[in-house]
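I'm opening my notebook on a structure that is new to me. Here it is, before I start looking things up.

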Amino acid sequence: MGYDPNNPMEGRITDLGPHPYTDMLPPVIAANKGKWLYHEILEPGVLLHVAEGGAECYTVRVGSPRLISIEHVREMCDIADAHCEGYLRFTTRNNAEFMTDSKEKCDALIADLKSRGNKFPIGGTGACVTNIVHTQGWVHCHTPATDASGPVKAVMDDLFEYFGSMKLPAQVRIALACCLNMCGAVHASDIALLGVHRKPPMIDNERITGVCELPLAIAACPLGAVKPAKAEVNGEEIKTVVVNADRCMFCGNCY
């Protein structure tokens with residue numbers, strides 16, 4: 001039936017808003033929520049949580065790139081189906097975690113992961129270099145001063161031995177942000193890799209009206225350094241912008 005303004009929720013079917021996360025908890029976690037006594041790291045990348053009633057939850061953490069293919073996601077899901085009743089979660093630092101309720105299942109899971117080479121490296125816990133969190137880079141952002149995936153891959157390749165071990169004085173968090181907007185959480189990490197634009201934007205009055213939405217470019221500047229202006233091109237007056245270089249923070253939002 002049609003929409004009833006007097007009863008707007010009647011017959012409402014929508015996927016707006018997040019799905020209740022409680023429906024996605026592994027049974028052992030859902031049954032012991034708020035009842036965990038302690039946890040320990042059994043070995044790099046393997047955690048054990050023990051509940052009041054003696055229930056155990058074994059977690060195996062593996063490294064994952066932030067940008068992954070559909071095939072890689074499906075392989076993760078196949079592993080979760082085989083060993084974890086289909087349950088899988090991602091951490092805020094792009095690691096993936098598989099959870100089981102017995103040591104036997106955990107051992108089988110670890111053996112399966114190791115049989116796949118370095119595709120699913122186990123680690124990222126304790127006194128280690130955990131996975132690098134980073135921004136979109138050139139894949140899906142209009143403001144970066146540098147790419148993200150390439151530099152992160154190069155850095156993590158060099159530090160890979162510290163991901164699967166716990167021989168550092170403490171855990172080290174590394175992050176990369178492509179520009180000064182810093183959506184890569186570099187300000188909340190131990191080591192920050194930050195791409196910085198070094199010059200204010202240059203204005204091409206002959207092209208600007210054809211490639212730029214001027215109101216959006218003006219509104220995008222956090223410091224009001226971009227202002228509307230007029231210029232003459234081929235004897236015709238056009239709308240353009242001017243940049244106050246002294247106020248520009250080189251964020252790239254107006255690009």
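My notes below go from domains to a sheet and then to some cysteines.

**Domains.** I began by noting that this is a predicted model. Next I looked up how the chain is split: domain 1 covers 21–116, domain 2 covers 133–194 and domain 3 covers 208–247. I also checked how far domain 1 sits from domain 3, and their C-alpha centres are 52 Å apart.

**Sheet.** In what order do the 3 strands of the open sheet come? I found S6-S7-S8, with parallel pairing. The edges belong to S6 (133–134) and S8 (191–194). Each of those two has a single partner strand, so one side of each has no neighbour in the sheet. I then followed S7, residues 174–177, over to S8: the two run parallel and 4 bridges join them. For one facing pair, I noted leucine 176 opposite leucine 193 in S8.

**Cysteines.** How many disulfides does the structure hold? I got 0. A disulfide would need two cysteine sulfurs within 2.5 Å. For cysteine 212, the nearest cysteine sulfur belongs to cysteine 254 and is 8.0 Å away, and cysteine 212 is in no disulfide. Cysteine 251 is in no disulfide either; its nearest cysteine sulfur, on cysteine 221, is 6.1 Å away.

Is cysteine 251 buried or exposed? I wrote down buried, because its relative accessibility is 8%, and the cut-off for buried is under 20%. Cysteine 212 has 24%, so I filed it as partly exposed.

Conventions:
Residues are numbered from 1 along each chain as its sequence is written. This is a predicted model: local features need pLDDT of at least 70, side-chain atom pairs count only at pLDDT 80 or more; totals for chains, interfaces and linings use all residues. Side-chain values use heavy atoms; hydrogens and water are left out. Two strands pair if DSSP finds at least two bridges between them. Domain bounds come from an automatic or database domain assignment. Buried means under 20% relative accessible area, exposed over 50%, partly exposed in between (1.4 Å probe, protein chains only).
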